[in-house]
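Hi,

Here is the structure I promised to pass on to you. Have a look at it first, then read my notes underneath.

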Amino acid sequence: VMGLILLESAIQTGIALVAGVALSLPTLWYLKEHGIHMGSVTVMGVSTSQVWHAAPNAQTWILPITVLLFVVFMAVLYPASKAAWIRPVEAIRHR
């Protein structure tokens with residue numbers, strides 16, 4: 001039972017990762033090519049560039065994916081272990 005629950009969450013997480021990457025790629029490309037036009041920005045007397053561009057690297061993808069996998073695993077671990085200890089007859093009886 002625990003394996004089934006972990007497998008189901010792994011499949012859902014994989015689908016979420018693919019969807020998240022597919023949806024973020026056009027936005028990241030736009031920010032890299034065109035940037036965000038900030039106008040004239042001065043902070044403490046220092047003027048910055050008027051257009052801020054994205055600078056993606058490996059860390060752009062690795063850290064969010066790692067955090068997602070950790071959070072999903074921690075969120076699924078308790079319900080999966082609890083379901084593994086319940087006998088099927090008891091689960092059916094107490095609906």
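The buried residues of helix H1 are Ser-9, Thr-13 and Leu-28. Here "buried" means under 20% relative accessible area, "exposed" means over 50%, and "partly exposed" is in between (1.4 Å probe, protein chains only). Part of what covers these residues of H1 is H2. Before you go further: this is a predicted model, where local features need pLDDT of at least 70 and side-chain atom pairs count only at pLDDT 80 or more, while totals for chains, interfaces and linings use all residues. Residues are numbered from 1 along each chain as its sequence is written, and side-chain values use heavy atoms, with hydrogens and water left out.

Let's take two of those buried residues in turn. Ser-9 sits in H1 and has a relative accessible area of 11%, so it counts as buried. Leaving out residues up to four places away in sequence, Ser-9 touches Val-72 and Val-76 (contact means heavy atoms within 4.5 Å). Thr-13 is in H1 too, and its relative accessible area is 9%, which is why it is called buried. With neighbours within four places in sequence set aside, Thr-13 is in contact with Leu-68, Leu-69 and Val-72.

Now the helix itself. H1 covers residues 2-33. Helices (H or I, at least four residues) and strands (E, at least two) are DSSP runs, numbered from the N terminus. H1 has 32 residues and reaches 46 Å from its first C-alpha to its last, close to the 46 Å expected at 1.5 Å a residue. That expected span is 1.5 Å times one less than the number of residues. There is a kink in H1 of about 30° at Leu-25, shortly before the proline Pro-26. The bend at a residue is the angle between axes fitted to the seven residues ending there and the seven starting there.

Towards the other end of the numbering in H1, look at Lys-32. Its relative accessibility is 47%, so Lys-32 counts as partly exposed. Lys-32 touches His-53, Ala-54 and Pro-56, not counting residues up to four places away in sequence. Lys-32 and Val-18 are 14 residues apart in sequence, and their C-alpha atoms are 21 Å apart in space. Just after H1, Gly-35 takes a positive phi of about 75°.

Next, the strands. Val-51 is in strand S4 and, at 22% relative accessibility, is partly exposed. What does Val-51 touch, not counting residues up to four places away in sequence? His-34, Gly-35, Ile-36 and His-37. The C-alpha atoms of Val-51 and Leu-31 are separated by 9.9 Å, with their positions 20 residues apart along the chain. Gln-50 lies in the loop between strand S3 (46-47) and strand S4 (51-52). With the same sequence limit of four places, Gln-50 touches Ile-36, His-37, Met-38 and Gly-39. Gln-50 and Gly-39 are eleven residues apart along the chain, and their C-alpha atoms are separated by 5.1 Å.

On to H2, residues 58-85. At 1.5 Å a residue its 28 residues should span 40 Å, and the end C-alpha atoms are 41 Å apart, so the two agree. H2 bends by about 30° at Leu-77, and the proline Pro-79 follows within four residues. At the start of H2, a side-chain oxygen of Asn-57 comes within 3.0 Å of the backbone nitrogen of Gln-59. Pro-64 is also in H2, partly exposed at 45% relative accessibility. Pro-64 and Leu-17 are 47 residues apart in sequence but 9.9 Å apart in space, C-alpha to C-alpha.

Finally, the whole protein. There are three helices and four strands, and along the sequence they follow the pattern α-β-β-β-β-α-α. A compact globule of 95 residues would have a radius of gyration near 12 Å, but this protein has 22 Å. That radius is taken over C-alpha atoms, and the globule rule is 2.2 Å times the number of residues to the power 0.38. The C-alpha trace spans about 70 × 30 × 25 Å along its principal axes. Of the 95 residues, 7% count as buried. Among contacts between residues at least 6 apart in sequence, 57% join residues at least 24 apart.

Happy clicking!

How values were computed
A polar contact is a pair of N or O atoms within 3.5 Å; within protein, one must be able to donate a hydrogen and the other to accept it, and residues adjacent in sequence count only if both atoms are side-chain atoms.
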